[in-house]
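Here are some notes on the structure you asked me to look over. They are set out as numbered points and cover selected helices and the two DNA-facing surfaces.

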Amino acid sequence: MVDSDLQYVDLEEVFDELLEICGPTSWWPADSDFEIVIGAILTQNTRWENVKSALYRLKHARMMDPESIAYAGLDLAEFIRPAGYPNKKATYLRAISTWVLDYGIDEYSEAASWNDDRLRSSLLSVRGVGPETADDILLYVFHRRVFIADMYARRLFQARDYDVPKGYESFRKAIAPAVEECSLNSDDFGMLHGLIVEYGKSH
DNA sequence: ACCCAGGGTCATA
DNA sequence: TATGACCATGGG
């Protein structure tokens, strides 16, 4: 049998199916948009339980704001150590926090006025922000209609005999027509990603 | 002890 | 363009 083409995936059907199985999920769990940005960096190749510990330590140290992190010293690495790669991620957190100070993340910010492509490429220019992290921020902070083409989504569609191209960007490009076509809004896509991850964890 | 998680960078070919 | 080494902690 020839594998099905991702461009014809019915994402609404997938959404309804997973919602039926898993029930509603609340993604992205956070107290603020800035915390989502920080969490998106910290969770790279890292379990969420470890990230929660690091986020708690930052909040407890009153550092959960762009100024504190952008100008933090060597101790920043110690606060986030539970999330792994402390030296790398401390550098990344300073970089994205500087970006936030420059362009903003609230609805009246300069960044919010950019279209999806410009916003995405600007995020990708930040050290430590790759395609998946950029999409996390586009979806959960800027509320754009974005499909997170991560490993969980890959496994889901591979299990359904779809031909999923290698690499994040190739996968994303292949499913882009289905994202365009479907009637899911930004909040739906946010829930969809949560459902795909929760479903993936339990299978 | 071994494997991997809600990835990305950089050097190399 | 596409691999591979590297980054680091905690849970199974």
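1. The model is predicted, and the points below should be read with that in mind. To begin with helix 3, Glu49 and His60 are exposed on the side of this helix away from its buried residues. The buried residues of helix 3 are Val51, Ala54, Leu55 and Leu58. Viewed down the axis of helix 3, its buried residues fall within an arc of 100 degrees, so they line one face of the helix.

2. What covers that buried face? The cover over the buried residues of helix 3 includes helix 2 (33-42) and helix 5 (75-79).

3. As to its length, helix 3 takes in residues 48-60, 13 residues in all. From the first C-alpha of helix 3 to the last, the reach is 18 Å, close to the 18 Å expected at 1.5 Å a residue. Helix 3 is followed by arginine 62, and the phi of this arginine is positive, near 55 degrees.

4. Helix 1 can be described in the same terms. Helix 1 covers residues 11-22, which makes 12 residues, and reaches 16 Å from its first C-alpha to its last. The expected value at 1.5 Å a residue is 16 Å, and the helix is close to it. Just after helix 1 comes glycine 23, with a positive phi of about 80 degrees.

5. Turning to the DNA, which residues come nearest to strand B? There are 23 residues around DNA strand B, and those that come nearest are Gln44, Asn45, Trp48, Gly130 and Thr133. Helix 9 (131-140) and helix 12 (186-201) each supply at least two residues of the surface near this strand. Helix 9 gives the most to that surface, with 3 residues. By residue class, the surface near DNA strand B divides into 10 nonpolar, 8 polar and 5 charged.

6. DNA strand C is surrounded by 14 residues, of which Pro82, Gly84, Tyr85, Asn87 and Lys88 are the closest. At least two residues of the surface near DNA strand C come from helix 3, and at least two from helix 6 (86-103). Which helix gives the most to this surface? Helix 6 does, with 3 residues. The residues of the surface near DNA strand C divide into 3 nonpolar, 6 polar and 5 charged.

7. Helix 3 therefore deserves a second look in the viewer: its buried residues line one face, and helix 3 also supplies at least two residues of the surface near DNA strand C.

Key: Residues are numbered from 1 along each chain as its sequence is written. Chains are lettered from A and ligands numbered from 1 in the order in which they are written. This is a predicted model: local features need pLDDT of at least 70, side-chain atom pairs count only at pLDDT 80 or more; totals for chains, interfaces and linings use all residues. A residue is near a molecule or strand if its C-beta atom, placed from the backbone, lies within 6 Å of it. Helices (H or I, at least four residues) and strands (E, at least two) are DSSP runs, numbered from the N terminus. Ala, Val, Leu, Ile, Met, Phe, Trp, Tyr, Cys and Pro count as nonpolar, Asp, Glu, Lys and Arg as charged, and the others, Gly among them, as polar. The expected span of a helix is 1.5 Å times one less than its number of residues. A residue is buried if 20 or more other C-beta atoms lie within 10 Å of its own, exposed if 12 or fewer, and partly exposed in between; C-beta atoms are placed from the backbone. The arc is that of the directions from the helix axis to the C-beta atoms. Two residues are in contact if their C-beta atoms, placed from the backbone, lie within 7 Å.
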